[in-house]
Amino acid sequence: MNKSYELLCQEAVMHGPLESLFCCIGDPVIGNPTQLMMEATFRSMLFPARYLTCTVTSANVERAIDGIKALGFSGANVTAPHKVAVIPFLDGLTESARLSGAVNCIIKQEGKYIGDNTDGKGFLTSIELIRPVAGMHVLVIGAGGAARAIITELALHGASTITIANRTVEKAQDIIDRVGPHVKTTFTKEAFTGTYTIGAQYDLVVQATSVGLFDPDKGFDLVWEPKEKGSRIAADVVFNPVHTQFLASAEKAGATTVDGLGMLVFQGAIAVTHWTGKEANCESMRKAMEEAFTI
Ligand code: NDP
């Protein structure tokens, strides 16, 4: 019979190897439910580990990374506003982190602390459950950190064209300059004022701004050009609320919709696999998140 999670943790303390340590660093982090999702999967995997949620101010980022190294943490998540600031203090970066210029996951490999970006990969997984992104024509609304990670991964996986529509159009150009030279994707940029007609040419439309976060009624004034029902995917990065105004308008237009919870769970699951070498239990992670949002 399998030993219980509690017994495995007790044995780890008494006889070793000690439990693995993980944390999430950011500011603010109160309200960030990652710890609950990670603890749920560690428990269901019977993987003895502790996961902490830590407030780290911008002045303390270097010391926090030194602390993670000194205490022998096995990995960490990094959230706003430190996804870029941590980079100089790490021992290396994966291709996704290098191209997107942001780190949301730190992996300990042979004693070195490597920065990865699993946000874009988590998003990619949530879309590819429906259909591969290779060859797709994509519209991304937004050019912040989440958009950067998503665009990088879509381009690395063969999206044919990506149009970036953002309020601050220079930020769209920054992404094109950073990612464009390394991929075959054709990029265009547009100014986004909040009122926008979504062309029928797009196979995938991504809402990657923070608009709608914590406000189910907030969204944009979008007109969807007609397209065959189910032939267009519309995805929102906002995960709280799960059903956003953007997704409601996309549903009305006949799109297949993907909520932000999928991206959140899959980016976490990819991190867990990096850290443990084992498959994470996505079902338990999604359930923990859904429960967290009702607290
Ligand atoms: P950033 O602050 O880096 O970017 C915010 C983006 O939203 C920018 O493009 C900004 O435009 C745009 N924006 C903000 N307000 C408005 C507005 N009123 N009108 C038009 N555009 C606006 O944030 P992140 O990219 O880090 O996060 C964006 C969202 O993604 C958040 O809601 C976050 O919770 C979510 N997220 C979800 C994840 C998941 O796993 N599901 C993972 C990571 C993030 P401009 O450039 O002009 O300021």
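Q: A nonpolar core is a set of buried Ala, Val, Leu, Ile, Met, Phe, Trp, Tyr and Cys residues joined through side-chain atoms within 4.5 Å; which residues touch the most other members of the largest one?
A: This is a predicted model, in which local features need pLDDT of at least 70 and side-chain atom pairs count only at pLDDT 80 or more, while totals for chains, interfaces and linings use all residues. Residues are numbered from 1 along each chain as its sequence is written, and side-chain values use heavy atoms, with hydrogens and water left out. Among the 30 residues of the largest core, buried meaning under 20% relative accessible area with a 1.4 Å probe and protein chains only, those touching the most other members are Leu-154 and Ile-162.

Q: Which helix gives the most residues to this core?
A: Helices here are DSSP runs of H or I with at least four residues, and strands are E runs of at least two, numbered from the N terminus. Elements that each supply at least two residues include α5 (119-128), β7 (137-141) and α6. With five residues, the one giving the most is α6.

Q: What share of the ligand's own accessible area does the protein cover?
A: Among the polar contacts (N or O atom pairs within 3.5 Å), a ligand oxygen atom lies 2.9 Å from a polar backbone atom of Gly-145, and a polar side-chain atom of Arg-167 is 3.0 Å from a ligand oxygen atom. A ligand nitrogen atom lies 3.0 Å from a polar backbone atom of Gly-260. Of the 930 Å² that the ligand has accessible on its own (Shrake-Rupley method, 1.4 Å probe), the protein covers 76%.

Methods
Polar contact = N/O pair within 3.5 Å; in protein donor to acceptor, adjacent residues only side chain to side chain. Buried < 20%, exposed > 50% of the residue type's maximum accessible area, 1.4 Å probe, protein only.
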